[in-house]
Amino acid sequence: NQIVKANYHQMFFGNKESGKTVLLYRLVREFVDEYQYTRRIPIYFNLEEIGNKEIETVLKEYLSFNTSELNNLIQSNDIVLLVDNLNYKDTGDNIERIKKLELFIEKNPNVKVIATGDGDISTGVPPIDYIEYCKIPFKSLFIQNLRSKEIKSIIKLWIPNEDKIKMDDRLDKMVSDFSSFSLPSNAMSVSLFLWSTEHSDRKPINNSVLFEIYIEIILEKLNQDNIYRGSFDFTNKIQLLASIAQEMLISGGDNYSLLYSDYVRVIEEYLVKVGFHYESDKIADYFVRRKLFAKFQGTRIKFSQSCFFHFFLGKRMEFNPDFREYVMAEENYCKYIHEIDYYTGLVRSDKDLLETVFERFKKEFSKTDHVFPQLEGIWDRFFIVKLKSESEVEQEIKFTSAAKTTEIAKIKEN
């Protein structure tokens, strides 16, 4: 309600899969339901998906309005823009789209914007690119991780009504089970956790395994039309999806999309390579009906969720040593944080990768080692953390890098 009533621009930052898009979808509903009070029509669009269109064109297509009708709405202060994926990343197409949005707001200052973007909520500070380049005067807000109370409230909606004492015991047990696994504390993970525990005997010990269970359920267990179930099994499907993800990465299309014809071609080439004589069109349609892919810009196709794209690239690292080597190259690995995260959750015995990352970690932080002697005995509460032994003896105080301590704490937590 406060978001809907606010008379200023709002920017919501959150981690991946924290519910940013769902928030905007919900706001569409809120603005429609409360139209008699707000008198504003919500217009949702994903900035990454508008291509080279002008903002006015996007709005006209959304509303099915002509130019005159749209101008009347704007002049009477009757619209609010709900903009998804407003990320100030340094890519040519993205910068041009942001400039178009900023120019539109400059020309129409009465139009309010509610936007979402990726950001590390643990810092409590917006991304540096956003701070440097954003020209729209947003109020910055952060979508925090769920707490135990909120996780419990979601689980309560899932389980049937029963005796209050039994329900409380069951809730506590399910919250404890969820907390015992290395899963992100967001609504998507809680929902997938509940769904997987209902349909699978496997334990979702981390986020990667949780996604694998989820994919297995939607491909193998829920549907009656599981194509080629006897011979084209779950492993075959996963390897094919991983190949499609790599092809999407290589093609570099908008939102890592492929032309539908290229999507079918990749499937056909995989089937020929492994010696299966199946209909590639039928498999292509099957993946779309399973909601793994979605149509995009009319003639293109992309993964329906960005997390699916990252997950299947992680699986490609598992299946293809050459691709794993490419991702882990020193000039590349920082670009593939999510893929490495999924891969290491699935392949927990890759000691070489762990040692490689740790050595690079030490190398990066060694650049600050020369500062420590100059700061000996100084405690500034920001750059240096003062550590005492249990005896609290002053002579036993040690100083260490706060940044390094924070990173190690994050690693332990994850």
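Good morning. A search of the whole structure finds 24 aromatic pairs. Please bear in mind that the structure on the screen is a predicted model.

I begin with one of those pairs, F311 and Y342. Their ring centres are 5.7 Å apart and their planes meet at 85°, an edge-to-face arrangement. The pair links distant parts of the chain, with F311 in helix α15, residues 306–319, and Y342 in helix α17, residues 337–346; the two are 31 residues apart. F311 and Y342 are both buried.

A second pair is formed by Y326 and Y336. Here the centres lie 6.0 Å apart with the planes at 65°, and since an angle over 60 degrees counts as edge-to-face, this pair is edge-to-face as well. Y326 belongs to helix α16, residues 321–328, whereas Y336 sits in the loop between α16 and α17, so the pair ties together parts that are ten residues apart in sequence. Which of the burial classes does Y326 fall into? Y326 is partly exposed, because its relative accessible area is 39%. Y336, by contrast, has a relative accessible area of 7% and is therefore buried.

Let me return to F311 and Y342 by way of another residue, F211. F211 is located in helix α11, which spans residues 207–221. With a relative accessible area of 2%, F211 is buried. Beyond its neighbours within four places in sequence, F211 contacts M188, L192, C307, F308, F311 and Y342. Both members of the pair described at the outset, F311 and Y342, are thus among the contacts of F211. In addition, the C-alpha atom of F211 is separated by 9.0 Å from that of S189, 22 residues away along the chain.

I turn now to charges placed over aromatic rings. R360 lies over the face of Y333, 4.4 Å from the ring centre. K302 lies over the face of F296, at 5.8 Å from the ring centre.

Finally, helix packing. Two packed helices are described by the angle between their axes and the distance between the axes. Helix α12, residues 234–251, packs against α15 at an angle of about 110°, with the axes 8 Å apart. The two helices are therefore roughly perpendicular to each other. On the α12 side, the contact involves I238, Q239, L241, A242, S243, A245, Q246, M248 and L249; on the α15 side, F309, F312, L313, K315, R316 and F319. Sorted by class, this contact comprises ten nonpolar, three polar and two charged residues.

Thank you for your attention.

Conventions
Residues numbered from 1 in each chain as written. Predicted model: local features only at pLDDT ≥ 70, side-chain atom pairs only at ≥ 80, totals over all residues. Heavy atoms only, no water. Phe/Tyr/Trp six-rings, centres within 6.5 Å; stacked < 30°, edge-to-face > 60°. Helix = DSSP H or I, 4+ residues; strand = E, 2+ residues; numbered from the N terminus. Buried < 20%, exposed > 50% of the residue type's maximum accessible area, 1.4 Å probe, protein only. Lys NZ or Arg CZ within 6 Å of the ring centre and 35° of its normal. Axes fitted to C-alpha atoms, helices over the stretch in contact; angles between N-to-C directions. Parallel < 35°, antiparallel > 145°, perpendicular 65-115°, else oblique. Contact = heavy atoms within 4.5 Å. Nonpolar A, V, L, I, M, F, W, Y, C, P; charged D, E, K, R; others polar.
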